[in-house]
Amino acid sequence: MYILLYNKNMKVGIYCNSTTKKFLPIQEALLSLLNSRGIEYSLCYTPEEIGSPEILIVLGGDGTILKAAIDAGKKGIKILGINSGSLGFLTEFEGEQIERAVSLISGNYTTEKRSVLEICSGGQKWYALNEALFFRRYNENAENNVVVLAAKIDGKKVDTFVGDGIIISTPTGSTAYSLSAGGAILTPDLRAFILTPVCTHSLHNRPIVYSDESKLTVITEDVEDSVALYCDGRFCANLKKGENPVIKKAGFEVEFIKSDDNNFFDRLLFKLNKWSDQRG
C-alpha cells in the first residue's frame, strides 16, 4: 500500500546499533544536515529509547532495522533505513546518500507497509517482521538430531516435516533465511506468507505460499524440548510437547519510507549480486 505524505516540522528519531561504530561517520553527516534544516531529532540505541517520533531513521544493516521494527510498527512510526552494515535489503539508501535521505523526508515521500507475523505459544506472544523459525535443538544423548513437525493451515493438514525445522516467512523475510533455505522470493505487495522446510529428509517437502489471512499451526506432538523458536534471528523459547504454536498476521504493520525511484527488482538484483560477491 502506497500513501503520499507531506512533512512539516517533523520530529525525527535516529536509531543506531550500539554494538558497532561503523555508523559514526554517517551519523555525523546526518546530524549536520538535520541541524542545517532545523529538524528536531533525538538519538536512541535500544528499542526502549525510541519514544514517539514521526520518523525513525535507522543507521545500520538489516539486523539493526529488525531490532527496531516491531516497536516502531506498534507505535505507527515510519522507518527510513540508511545502510551502514554489510548488505541492507531493508535499507532505502546507502551510507553515502545521506543528503538524498534528508531531502526525501523533508518533502514528499511514499510509504510501503509490511506485514508482521504474530506467534502465540504457551500463553506467550512474539512478533517477527522477517520470519519465525522452528529449529532443532542439539542433544548429544539423542539417537538422532532431526525433529518431526507437522503444519496445519486453517485446520487442514499441510504436511509433516522431518529434518532441521521449518521457517514461516513474510514477503519481507522471503529474501532472508527463507531464501537461503530454498524458498521463493515474494514481492512486498503480496498478501501472503511462505512455509519453507529446512533440510528435510524427504524430496517431496517443498516451500508453500499461502494467504496471510490464514492461521498456521505447528504441531509438536512428537517433540519433547527438542525444538527452539526464533523470531527474526533472536531466540524466543524452547517448545514443549503438544504446545502447538499458532502463527498469523499481526494486527499492525511496519511502515517504510520509500523514494520515488524505488524499484523492487532493481534493488533485489543489486543486493543479490552484492551478497554473492561478499568474501570472508
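This passage describes the strand pairing around β11 and an open sheet in a predicted model.

Strand β11 spans residues 147–153. Five of its seven residues are buried, that is, under 20% relative accessible area; the strand is therefore largely enclosed by the rest of the structure. Two pairing partners of β11 were identified, namely β12 and β16. With β12, which covers residues 156–163, β11 pairs in the antiparallel sense over seven bridges. Within this pairing, Ile 153 of β11 is placed opposite Lys 156 of β12. The two strands form a hairpin in which two residues lie between them. One of the features of this turn is Asp 154, for which a positive phi of about 55° was computed.

The pairing of β11 with β16 (residues 216–219) is likewise antiparallel and comprises four bridges. Here, Lys 152 has Thr 217 of β16 as its bridge partner.

An open sheet is formed by six strands, arranged in the order β15-β14-β13-β10-β17-β18 with antiparallel pairing. Its edges are occupied by β15 (208–211) and β18 (234–239), each of which pairs on one side only. From one strand to the next, the twist averages 20°. At the β15 edge, the neighbouring strand in the sheet order is β14. Strand β14 comprises residues 192–198 and is joined to β15 by four bridges in the antiparallel sense. Among the residue pairs that link these strands is that of Phe 193 with its bridge partner in β15, Tyr 210.

Methods. Residues numbered from 1 in each chain as written. Predicted model: local features only at pLDDT ≥ 70, side-chain atom pairs only at ≥ 80, totals over all residues. Heavy atoms only, no water. Buried < 20%, exposed > 50% of the residue type's maximum accessible area, 1.4 Å probe, protein only. Pairing = 2+ DSSP bridges. Axes fitted to C-alpha atoms, helices over the stretch in contact; angles between N-to-C directions.
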